[in-house]
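Welcome, and please open your viewer for a short walk through this protein. At each stop you will get a selection to make and a description of what is there.

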Amino acid sequence: MKKLSYFSVSFLFFWVVSFYLIAQAPANYYQSAIGKKERELKTALYNIVKDHTVLSYTPGLWNAYKDTDAKSDGTVWDMYSSISRFTFGVDQDSGSGGTTEGDKYNREHSFPQEWFNGKSPMKTDLYHVYPTDKLVNNKRGSYPFGETNGESYKSAGNFSKLGRCTYPGYSGTVFEPNDEYKGDFARSYFYMVTCYEDKVSGWNSEMLNNTSYPAFTTWAMNLLLEWNRKDPVSKKETDRNNMVYSEYQHNRNPFIDYPQLAEHIWGNLKDMPFDGTTSVEEWALDNISVFVTSGNILTVVDAPVNSILKLYNMSGELIVEHQILSDRYETEVGTEGVYIAHVITSSRVCAVKVFIR
């Protein structure tokens, strides 16, 4: 996948990503899915990814994480806690500890084992089993994902939350991951109901409807599609997808390679067959750079003159809209948080996720 670089600015960090760009899938990997839509497209993808190498639970997952979930500084990439700084092996869960956040990491089935009765090969599928903080993982339990005010539990800095669902269509207890990983988990869920299409109708969850298609309940489908749209594919996901494919399972998550597949199967492109091309033209060739300077200054370099910058918060509200009149444009971002920037040129659109801390 064509991506911009990962930048680190003092204590701030962010990824620059494009939304609908193809990752490093082999030539013709998705050929049999072209021309299909809805149920037929989902089944075509199932036939592409269903056969894969199955890892052992121990030590298979523990060993794989050192390659699939390492940050640039070598620590464990934990998507549930903002304070953990785990060292592989040293801080690995061994049956004790983990009573405080940041103490131990373990193996989190983001798609809970209880839903599929802990059976193989789902139990060790890297596309939904991640290393996470043990305490926060235990708080999550087998509750479905959702959105909540977090009245039952909040991890450090309100990074992850547990409480009554505030998303329309469901009012039970849910676990809400941080905004920066909601798309990651949505694409994990799309993969699970696709890769295991032959089994999913027998699984039980508040997010599933006991069918192979659409597989999800209406509220869950709407939630996951929204997360997929608002949180574009990151470099982390792309790198992980490539590593799992090349070194471990030898299959791919199609919804990372082509996030718009979810729209062709469940969303607003259901009536349109998948054509095997990207929804947004590849724009990295333009050498556009987006990065943060001086703490909260969003900078766009080498965008074509007369391009338009639109900056949205995670609620979809337009925060900034400006015409870019030079090869370097700067604008101040008012508050820390997660934003989506659209750089619109005469021929293409790039979507950029920006984290400011």
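**Stop 1: a lysine in the first helix**

Begin by selecting K42, which sits in helix α1, the stretch of residues 38–49. Keep in mind as you look around that this is a predicted model.

Is K42 buried or exposed? Its relative accessibility is 0%, and anything under 20% counts as buried, so K42 is buried. Now show what surrounds it: setting aside neighbours within four places in sequence, K42 is in contact with V193, T194, E197, S212, Y213, I265 and W266.

**Stop 2: the largest core**

Next, select L45, F111, F190, W203, M207, F216 and W266 together. These are the residues with the most contacts inside the largest nonpolar core, which has 72 residues. Which helix gives the most to this core? Colour residues 182–195 to find out: this is helix α4, and it contributes eight residues.

Stay with L45 for a moment. Not counting residues up to four places away in sequence, L45 touches Y30, A33, T194, P254, F255, L261 and I265. A second core, separate from that one, has 17 residues, among them Y329, Y339, C350 and V352.

**Stop 3: two helices crossing**

Keep α4 on screen and add helix α5, residues 218–230. The two pack at an angle of about 130°, and their axes are 8 Å apart. At that angle, α4 and α5 are therefore oblique to each other. The crossing of α4 past α5 is left-handed.

To see where they meet, show K182, G183, A186, R187, Y189 and F190 on the α4 side, then L224, L225, W227 and N228 on the α5 side. Of the residues in this contact, six are nonpolar, two polar and two charged.

**Stop 4: a cysteine in α4**

Now pick C195, also in helix α4. With a relative accessible area of 2%, C195 is buried. Leaving out residues up to four places away in sequence, C195 touches Y46, V49, K50, H52, D125 and N251. Try a distance from C195 to R252 as well: they are 57 residues apart along the chain, and their C-alpha atoms are separated by 9.8 Å.

**Stop 5: helix α2 and its cover**

Finish with helix α2, residues 57–68, and highlight its buried residues: G60, L61, W62, A64, Y65 and T68. What covers them? Turn on β3 (105–109), β4 (129–133) and α6 (235–248), which are included in that cover.

Note on methods: Residues are numbered from 1 along each chain as its sequence is written. This is a predicted model: local features need pLDDT of at least 70, side-chain atom pairs count only at pLDDT 80 or more; totals for chains, interfaces and linings use all residues. Side-chain values use heavy atoms; hydrogens and water are left out. A nonpolar core is a set of buried Ala, Val, Leu, Ile, Met, Phe, Trp, Tyr and Cys residues joined through side-chain atoms within 4.5 Å. Buried means under 20% relative accessible area, exposed over 50%, partly exposed in between (1.4 Å probe, protein chains only). Helices (H or I, at least four residues) and strands (E, at least two) are DSSP runs, numbered from the N terminus. Contact means heavy atoms within 4.5 Å. Axes are lines fitted to C-alpha atoms, for helices over the stretch in contact, and angles run from 0 to 180 degrees between N-to-C directions. Angles under 35 degrees count as roughly parallel, over 145 as roughly antiparallel, 65 to 115 as roughly perpendicular and the rest as oblique. A crossing is left-handed if the near helix is turned anticlockwise from the far one by less than a right angle, and right-handed if clockwise. Ala, Val, Leu, Ile, Met, Phe, Trp, Tyr, Cys and Pro count as nonpolar, Asp, Glu, Lys and Arg as charged, and the others, Gly among them, as polar.
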